[in-house]
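User: I'm new to this structure and would love a close look at one part of it, the main nonpolar core. Could you walk me through that part and set it in its surroundings?

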Amino acid sequence: MKVKDIMTASPACCSPSDSLRDAARIMRDSDCGAVPVVENDRVVGIITDRDLAVRAVAEGKSADSKVSDVLTRDPRCCSEDADVDEVAHVMKDSQVRRVPIVDAKGKCVGIVSQADLARAAKDGSTVSDREVGIVVERISEPASGSGKGSTGAEESRPAE
């Protein structure tokens, strides 16, 4: 099964210059917890609801602050033509819950979440229930040296 078969197509995106308020509204209006950040049609980052809470609100940033202040830069992406097991490996290896999907030109065309992966396993893709379990376990491991639980590298890496 290919990534394009399980991804959420045409995800809502924002730009690095958008405000945190804009990003939060996109998440609210799109009922999602992560938004790819694009510039010149290329994925340059991702911002999550947890980024807004931990890197923005908890740090006293204004709602008018820029997405570029809190995003995770250069997230790992997958091709829409990749096999589903590739996106599972990216999630596991990078400890992230969501992976932006790009076309051959690098344009963001979708996003795959941990839940999409679980549904794919249920529907009989090449990813097994066991593999999904390993992905979820690996994503949930504490960040190296932190001593605290982590909810994924996308939400715990510092912005550059």
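To start with, what percentage of the residues of the chain count as buried?

Analyst: Happy to help! Please keep in mind that this is a predicted model. Of the chain's 160 residues, 44% count as buried. The accessible surface comes to about 8,200 Å², and carbon and sulfur atoms hold 45% of that area.

Here is the overall layout. The chain has six helices and seven strands, and from the N terminus they follow the order β-α-β-β-α-β-β-α-β-β-α-α-α. Among contacts with a separation of 6 or more, 62% link residues 24 or more positions apart.

Now to the part you asked about. The largest nonpolar core has 17 residues, and those touching the most other members are V3, V87, V99, I101 and V112. Two or more residues each come from α3, β6 (98-102), β7 (108-113) and α4 (114-122). Of these, α3 gives the most, with five residues. As a general rule, nonpolar side chains in soluble globular proteins tend to be buried together.

Helix α3 spans residues 84-94, and its buried residues are V84, V87, A88, V90, M91, K92 and S94. Just after α3 comes Q95, with a positive phi near 55 degrees.

I101 is a good place to pause. Setting aside neighbours within four places in sequence, I101 is in contact with V3, M7, C78, S79, E80 and V87, and also with K107, C108, V109, G110, I111 and V112. That list includes V3, V87 and V112, which are named with I101 among the core residues touching the most other members.

There is also a second, separate core of 14 residues, including A23, I47, L52 and V70.

Two serines in loops round off the tour. S15 lies in the loop between β1 (8-9) and α1 (20-30). The C-alpha atoms of S15 and V38 are 5.2 Å apart, although 23 residues separate the two along the chain. Beyond its neighbours within four places in sequence, S15 is in contact with V37, V38 and V67. Its side chain also makes a polar contact of 3.1 Å with the side chain of S17.

S65 sits in the loop between α2 (49-57) and β4 (72-73). S65 counts as buried because its relative accessible area is 15%, under the 20% cut-off. Apart from neighbours within four places in sequence, S65 is in contact with D18, S19 and L20.

Notes:
Residues are numbered from 1 along each chain as its sequence is written. This is a predicted model: local features need pLDDT of at least 70, side-chain atom pairs count only at pLDDT 80 or more; totals for chains, interfaces and linings use all residues. Side-chain values use heavy atoms; hydrogens and water are left out. Helices (H or I, at least four residues) and strands (E, at least two) are DSSP runs, numbered from the N terminus. Buried means under 20% relative accessible area, exposed over 50%, partly exposed in between (1.4 Å probe, protein chains only). Contact means heavy atoms within 4.5 Å. Accessible areas come from the Shrake-Rupley method with a 1.4 Å probe; for residues, only the protein chains shown count as cover. A polar contact is a pair of N or O atoms within 3.5 Å; within protein, one must be able to donate a hydrogen and the other to accept it, and residues adjacent in sequence count only if both atoms are side-chain atoms. A nonpolar core is a set of buried Ala, Val, Leu, Ile, Met, Phe, Trp, Tyr and Cys residues joined through side-chain atoms within 4.5 Å.
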